[in-house]
Amino acid sequence: WPDSGNTELDPEESNTASLSANYADDNGLQLGLSLYQTEVDDMIAWAPTEQDPSKWQPSNINSVEIKGIELSAQASVGATHILFNAELMEPEDKSTGKVLIYRAQKTANLRITQQINKLTLGFDTQYTGTRYTDAANTDKLSAYTLLNIDGQYQINPQLQLSASVKNLTDKEYVSKKGYAT
């Protein structure tokens with residue numbers, strides 16, 4: 001993109017430590033729990049330039065720490081399949097103590113599918129928590145939840161008919177400030 005490069009940009013370096021526990025039984029139940037911490041030096045992020053705040057370019061964030069916990073679950077009851085995952089995260093710019101921009105600290109997803117012969121019906125919901133739009137953490141985007149439905153019909157082994165409705169409730173939301181969704 002013209003005039004948006006940054007010759008002062010350094011490569012990112014990171015170290016991650018994680019601890020996970022998983023469980024599975026003979027009935028198809030699976031549970032997972034993960035704790036993680038990532039240290040990033042010179043994280044590359046889009047940021048407004050000092051000369052012109054309306055112009056953005058890739059820039060380095062000196063030191064970032066991202067701590068989090070993820071929970072996942074999967075189960076099958078007959079022809080019904082359920083998938084769930086949630087994450088709590090603390091993405092922090094260590095030099096300022098502020099939350100990184102556009103990083104939701106809470107997210108969750110739930111998907112349920114029902115198999116009926118050659119037909120699969122699906123429902124999912126996606127939650128995205130609040131996100132800051134500025135490095136000073138003074139401007140927030142609202143959290144939102146989307147509902148989606150879908151269906152697939154297996155005509156034969158090589159051909160499948162699919163249909164879906166995304167954002168079923170016509171929820172008005174913003175994922176990036178200044179951009180319509």
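**Why it gets that label: salt bridges, core and patch**

Modeller: There are five salt bridges in this structure. It's a predicted model, so local features need pLDDT of at least 70 and side-chain atom pairs count only at pLDDT 80 or more, while totals for chains, interfaces and linings use all residues. Residues are numbered from 1 along each chain as its sequence is written, and side-chain values use heavy atoms, with hydrogens and water left out.

Biologist: What makes Lys-67 and Glu-65 a salt bridge?

Modeller: The rule asks for a side-chain nitrogen of Lys or Arg within 4 Å of a carboxyl oxygen of Asp or Glu. Lys-67 and Glu-65 come in at 3.8 Å, N to O, so the pair fits the rule.

Biologist: Why is Glu-65 called buried, and what is Lys-67 called?

Modeller: Buried means under 20% relative accessible area, exposed means over 50%, and partly exposed is in between, using a 1.4 Å probe and protein chains only. Glu-65 has 14%, so it's buried. Lys-67 has 36%, so it's partly exposed.

Biologist: How do you know that Asp-124 pairs with Arg-111?

Modeller: Their closest N and O atoms are 3.3 Å apart, so they pass the 4 Å limit. Asp-124 sits in strand β7 (residues 119-128) and Arg-111 in strand β6 (residues 106-116), so the pair ties together parts 13 residues apart in sequence. Strands here are DSSP runs of E, at least two residues long, numbered from the N terminus. Asp-124 is buried at 10%, whereas Arg-111 is partly exposed at 24%.

Biologist: Which residues make up the network around Arg-111?

Modeller: Arg-111 also meets Asp-150 in a salt bridge, at 2.8 Å, N to O. That pair links distant parts of the chain, as Asp-150 is in strand β10 (residues 144-156), 39 residues from Arg-111. Salt bridges with shared partners join Arg-111, Asp-124 and Asp-150 into one network. Asp-150 has 12% relative accessible area, so it's buried.

Biologist: What makes the Gln-152 and Asp-150 side chains a polar contact?

Modeller: A polar contact is a pair of N or O atoms within 3.5 Å; within protein, one must be able to donate a hydrogen and the other to accept it, and residues adjacent in sequence count only if both atoms are side-chain atoms. These two side chains are at 2.8 Å, so the distance fits. Gln-152 is in strand β10 and is buried at 19%.

Biologist: Which residues make up the largest nonpolar core?

Modeller: Its eight residues are Tyr-36, Val-40, Met-43, Ile-61, Val-64, Ile-66, Met-89 and Leu-100. Strands β2 (30-48) and β3 (56-77) each supply at least two of them. To be called a core, a set must be buried Ala, Val, Leu, Ile, Met, Phe, Trp, Tyr and Cys residues joined through side-chain atoms within 4.5 Å.

Biologist: And what is Leu-88 called, buried or partly exposed?

Modeller: Leu-88 lies in strand β4 and has 48%, so it's partly exposed. Leu-88 also belongs to a nonpolar surface patch of about 590 Å², along with residues including Leu-19, Ile-69 and Phe-84. Such a patch takes residues with over 30% relative accessible area and no salt bridge, with nonpolar side chains (Val, Leu, Ile, Met, Phe, Trp, Tyr) joined within 5 Å.

Biologist: Why is Gln-158 called exposed?

Modeller: Gln-158 has 70% relative accessible area, so it clears the 50% mark. You'll find Gln-158 in the loop between β10 and β11 (159-165).

Definitions and conventions: Helices (H or I, at least four residues) and strands (E, at least two) are DSSP runs, numbered from the N terminus. Patches are made of residues with over 30% relative accessible area and no salt bridge: like charges are joined within 9 Å, nonpolar side chains (Val, Leu, Ile, Met, Phe, Trp, Tyr) within 5 Å. Accessible areas come from the Shrake-Rupley method with a 1.4 Å probe; for residues, only the protein chains shown count as cover.
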